[in-house]
Amino acid sequence: MKDKLTNNHSNLTSTGGLVTFILIIVSCLLLLTWLFLKTAFVTSDEHINYLHLLDKHQETEAKLDAELLASKIDLTENYDALNFFIREIDSISQKILQTPEYLLNEEQIQLIKLAKQLQLTVQNKVDGIDLFKRNNALLHNSLAYFQQLSDSYSLSIETGSITSNSTANNEMIRLLSPYIRNIMFFVQSPDQTLYRTIQTAEETIELEIAAEGLTSIENLLLHGRIIKKFVPILDKQIRQILAYPTALLHQQYKQLYLNDYHAAQNRADKYRIALYAVGILLTFYLAITFIHLIRTQQSLQTAHQEVSQRYQAQLRIERLLRFHDAAFNSAHEGITITDADGTILDVNPSFSRITGYSREEAIGHNPRVLKSGRHDAEFYHAMWKNIYNKGNWRGEIWNRNKYGDIYPELLSITAIKDLQGKVTNYVAVFTDISQLKDQEKQLQKMAFYDALTGLPNRVLLTERMHQLMLQTQRNKNLLAVCFLDLDGFKAVNDLLGHKAGDSLLIEMADRLKQSLRGEDTIARIGGDEFVILLTGSPEISLYEQTIQRLLITISHPVQIDSESISVSGSIGIAFYPIDQNDADTLLRHADQAMYQAKQIGKNCYHLFDPKTDTQVRQKNETISRIEKALIHNEFLLYYQPKVNIRKGQIYGMEALIRWQDPDRGMIPPNEFLPLVENDDLIIRIGDWVIETALKQIQQWQSEGIEVSVSINVASRQFQETEFFNKLKQALSKYSGIKPGQLEIEILETAALDDIIHVSRIMEQCQEIGISFALDDFGTGYSSLTYLKRLPAETLKIDQSFIKDMLQDPGELAIVHGVLGLATAFQRNVVAEGVESVEHGITLIQLGCDILQGYAIAKPMPAAEVLNWISLWKPAAMMQEINHLHWNDMDYSVLSAMVEHRFWIHSLVYAVESALTLPHQNIQDFCQCRFGKWYYGLGKQLYGHHSIFQQIELPHQRVHAICGQIEDDYNSGNQPHSKELLPELLQQHLEVVQLINKLLIIIASKD
Amino acid sequence: MKNLSRIILSSYLILTADILSAADTIVSNSPTKTEPFIFTRFDNEQMKPLPDKLVFDSKKVALGQRLFNEKKLSHDNTISCASCHDFNRGGTDRLATSVGINGAKGEFNSPTVFNSGFNFVQFWDGRAASLEEQAAGPVHNPVEMGSNWDEVVTKLRNTEYVDLFSKLYEDDITPENIVDAIAIFERTLITPSRFDQYLRGEETLSEQEKGGFQRFKEYGCSSCHQGINIGGNMFQKLGGVKNYFANQKSSIADLGRFNVTGREEDRHVFKVPGLRNVAVTPPYFHNGSIKTLEEAVKIMGEAQLGRELSVQDIKLITSFLQSLTGQWQGQTLQ
């Protein structure tokens, strides 16, 4: 069936079949069209119209007849309608001649012949009518005239006035009356008898007229004759006209036409049947063709479906093949396909890359050519056993490439079996894992080395330490475990960023490596902490030299991002086996020693001493003792006033902690606080201080004294996260305390430790009305930048500067500088350690108004404060000058005085101690610093003051005495020189007193 | 008695002739082509007024008018229809017989073109069944226009007529279309008169005219001169009662319709002329031999009615005939 359909299908689609099909369709269509035209030829419309025309002709003719008769009897008085119908008939006749086209030619000819006959008959009839019209008009006219005449004659007859002759008249009346009567009667019914009677009468009258000469009667006779003549003629004409056989012709014509029409219809019917038959045939043909087409289409669809499914499948397979091919060719892994015997059938490019064998070289060979020889037969046996049993094997294997290199690979072998389970092929996939192995090593390295510097890390360090410790046990050498921490690294990180910090670390690591021997170990164990292991010598001093060298190396400036940075290192060293401990302990000890080095002052090293370790233990004991003291409330606060000397007012109180030890008595803070500085205990002590101070302020408040109190807060406490909250909480308990009444003093060094953090806390505290003072200002290398960033309101100049400023021009310069700085940054300055009135005076002269120190008051218990306040007033000398102000320019005077003092003191010291004289050109009073000032700037500024001039003499004396001392020294008479000292000091005192006077005068004048 | 027989006959006619109504109105099937006029069957009025208005294709009328005045229709371009049918002369040339090209003398008196559409046939002898047929006549007549259709069509082809025709006729300039346009134009040439108003019931005629009309009917003039055109709807023998040609030298033209049919009874038979505008279309009769209307009336009374009309009668009838002079485009014909 399917084959047959396919055949049909092929027939149809073949050109011949198609042509046949088209020919059949076209010829059928032509035939159908022809047949349709044949049938459509006979249209009912045309037939009806033609019939209607025939009927109209007949009807119009009837109307014409009627009109004719109407004219005859004077019902119609004009011929317009008659003419109209004649014309109408004529026009219809013309149309009738156009016979319908569906009739056959001979039929049409026959019809036209008959139509012409009809037309001719009608024409004859019309001609008759034409004559009738004329005659009828004449008759009509004559009748009218005859009637008129007869009426007038009748009148004449009655009156007898026809003729003059009465006899003739009578005779005429006798003749005319019947004549007129007969004529009138004849009009109504013209018959032959009457005609003859009238004729006879006529002749008689004519004779009579001729005899009588009555011409007037002739007219009557004339019209009588016309009437007599035309009445029968008209009657005859009417009869003739109506007798024309038009009706018959009509009937014949119609019959003939209808016959022809039926014949035509019959013909059309035949064509119609033929049309129907052809239509049916065509329909059958088309139906069969259509069924064939549908079947063909169905089978085509099925075939198409099958084909497209196969095509899709093929596409999928092709795609898959392409994928496989791509996978095979582009795989990073080497792939080998072998047959069941292990002969290579194909390899991929990666195979060639890894093994070095090209595809051509490999095909046909056995993969055993790759064997490295590193594995024994057992290995391969196990491998094959696995493949046989499980169908695959996977593992690492060492192979040899074409060039003889041995490399590790990760190999996976899979057996491919057919449907019967028989192995047909093997597929081996392998990766060169040399790189992997390298990476493994790298990872291993990463586990032991610091990523940033490439130095060993703590793990490797510990390992090395173990090794070296064993080594030292054998060779009796020492192992130095050096713990290095960079000083100031944190600041670099903070200020320049971590990148700079990292660069610094790398640089340091490099320097360390370069300055050490190969066998020495350097490790980085965190942040800026390095550990250096040195060995090879039993001499400690050798190690110390090395360390010293390292410190120098470290302290060289480092160039980072166009900035030169200097850091230093603090190193702690522990020696093994002097310190008989394990590696961890050794490291800890070195760390402790480093810490101590930092304590000492950085940029130095410290050897761990097991005794120190004992101290540490003692320290721990002390800490617990201090803790106990806190618990037992053995601490108390002393208060040292700060006064504004210029105003004569109390500026505030600094709370200072004291330990009232029941056994040891009163202990100052510097004896116990440093011990707990790095312990959380300091925080607890600090809390106690805050609490106590606040309580005291409150109490004083209640006693009517409003005084601000400053407390010292340790760095550790200040940087504790909870510091601010605790402080705020504490403050909230003492509502009477006003803002500004509590001041916190922090060490400048502590503040610099973490300047960002510290300044943030400071700002927080300032918001709740707490002010800050930087304690020991000047000791912390603080730069302008730092000062600017620290929002402390007050700077406390470290007492060390104050203490020596009278003798040391350098210290004086610092104090002066700090004051200048404070003015510039609008900070208050408190001078600590004002021990004498002299100090006070100088400070006043320098412009420092707030003083603290023994010269004002010693720290006192809270109980004494009230009393002190009520009694205190500034010392008399200070009071003398506290209203005076010096210009900055006048500092040179002060400075010159200190220079002079310094000059004298150093000389005196040298003489007293029998040391070499410290000065050159002693006699030249112009060459000393004071002299240079005096004869230079001093003279310029103050030369006009008499006091200034008075200074010259004692100063020259000073130098003169010094000249003698020098001479004594030169002459070897040193003891004598000592004798000159009292005089020297006398002159010196005079100079100083004069300068002091000058100072007062200068200020007073302004 | 006469009335009785009339009633009986009419009843018979109504029943037998399949006529539906005694006042059946006949309207032309194609008013634009042939008859725009209305006829009444069994009309017992002798005279019919002209229609109030006519409906025609105005463009064809315009073309027809132009052709009517077109001298190119004549061989030497000297004569148009209007040459012999001058609207200023009552639609005639007022010559006894017309003058054609090269001064050729025709045999007939040209009848008026006014109201000629109402004539049942055209020419004195009725040789043209329609105006269309008539129009072709003079074109070919050697003593009239002396041309032929080929010549005329060729001449018109070279003029703007091509455009005018092509807009109105599918087949442009053809003899059929030329005569069609002329005929359509001619059918619009109707001249309503006071008499038409009188027939519609208005008192527009004077006593004298009414007297004339009375005699016109009584004496039998209206036996032939009747219908809408007061004549023009039948033939009649000139000398129907008394031989008119007895004492005359007879010409071929005098034979009348005999020339067309050859029938003895058509000797001296002419189309009865319509009498509208008769007063302004002298001279009279087929050969224009009668100069005055009075004379014509007198002759008609003798020859056709067998009456010697009195001077009074003639005067009255003539005055009636003058009331038939109508208006063309608002102007009474002169």
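**Notebook: salt bridges, a helix contact and local backbone features**

I began with A:Lys733, which is exposed, its relative accessible area being 52%. The model I am reading is a predicted one. I then looked for the partner of A:Lys733 and found a salt bridge with A:Glu691, in which the closest N and O atoms are 2.9 Å apart. A:Lys733 belongs to helix 23 (residues 723–733) of chain A and A:Glu691 to helix 21 (residues 681–702) of chain A, so this pair ties together parts 42 residues apart in sequence. I noted A:Glu691 as partly exposed, at 24% relative accessibility.

**Entry: other salt bridges**

I looked up the total and found 53 salt bridges over all chains. One of them joins the side chains of A:Asp485 and A:Lys598, at 2.8 Å from N to O. This pair links distant parts of the chain, 113 residues apart: A:Asp485 is in strand 6 (residues 478–487) of chain A, and A:Lys598 is in helix 18 (residues 583–600) of chain A. A:Asp485 is buried, with a relative accessible area of 9%.

I next checked A:Arg664, which forms a salt bridge with A:Asp661; their closest N and O atoms are 3.7 Å apart. A:Arg664 is exposed, at a relative accessible area of 52%, whereas A:Asp661 is buried, at 2%.

I also recorded a network of salt bridges that links A:Asp127, A:Asp130, A:Lys133, A:Arg134, B:Arg263 and B:Asp266.

**Entry: a buried charge and its neighbour**

Which side chain of opposite charge is nearest to A:Asp798? I found A:Lys803, 8.1 Å away; A:Asp798 is buried yet has no salt bridge. I placed A:Asp798 in the loop between strand 19 (794–797) and helix 27 (799–804) of chain A. Apart from neighbours within four places in sequence, A:Asp798 is in contact with A:Asp776, A:Phe777, A:Thr779 and A:Glu832.

I followed one of these contacts to A:Asp776, found in strand 18 (residues 771–777) of chain A. A:Asp776 is partly exposed, with a relative accessible area of 23%. Its phi is positive, about 55°, although A:Asp776 is not a glycine.

**Entry: backbone geometry**

I kept in mind that most residues other than glycine have a negative phi, and that most peptide bonds are trans. In chain B, I noted a positive phi near 60° at B:Asn115, a residue other than glycine. B:Asn115 is in the loop between helix 3 (81–84) and helix 4 (131–140) of chain B, and counts as buried because its relative accessibility is 1%.

I then turned to cis peptide bonds. The bond from A:Tyr576 to A:Pro577 is cis, with omega near 10°. A:Pro577 lies in the loop between strand 11 (568–576) and helix 18 of chain A. Another cis peptide bond joins B:Pro282 and B:Pro283, where omega is about -10°. I located B:Pro283 in the loop between strand 4 (269–271) and helix 12 (293–303) of chain B.

**Entry: two helices of chain B**

How do helix 5 and helix 7 of chain B pack? I found an angle of about 80° between helix 5 (residues 149–157) and helix 7 (residues 175–187), with their axes 10 Å apart. Helix 5 of chain B is therefore roughly perpendicular to helix 7 of chain B. From helix 5, B:Trp149, B:Val152, B:Val153 and B:Leu156 meet B:Pro175, B:Ile178 and B:Val179 of helix 7. By class, I recorded seven nonpolar, no polar and no charged residues in this contact.

Conventions
Residues are numbered from 1 along each chain as its sequence is written. Chains are lettered from A and ligands numbered from 1 in the order in which they are written. This is a predicted model: local features need pLDDT of at least 70, side-chain atom pairs count only at pLDDT 80 or more; totals for chains, interfaces and linings use all residues. Side-chain values use heavy atoms; hydrogens and water are left out. Axes are lines fitted to C-alpha atoms, for helices over the stretch in contact, and angles run from 0 to 180 degrees between N-to-C directions. Helices (H or I, at least four residues) and strands (E, at least two) are DSSP runs, numbered from the N terminus. Angles under 35 degrees count as roughly parallel, over 145 as roughly antiparallel, 65 to 115 as roughly perpendicular and the rest as oblique. Contact means heavy atoms within 4.5 Å. Ala, Val, Leu, Ile, Met, Phe, Trp, Tyr, Cys and Pro count as nonpolar, Asp, Glu, Lys and Arg as charged, and the others, Gly among them, as polar. Buried means under 20% relative accessible area, exposed over 50%, partly exposed in between (1.4 Å probe, protein chains only). Lys and Arg count as positive and Asp and Glu as negative; His and the chain ends are not counted. A salt bridge is a side-chain nitrogen of Lys or Arg within 4 Å of a carboxyl oxygen of Asp or Glu.
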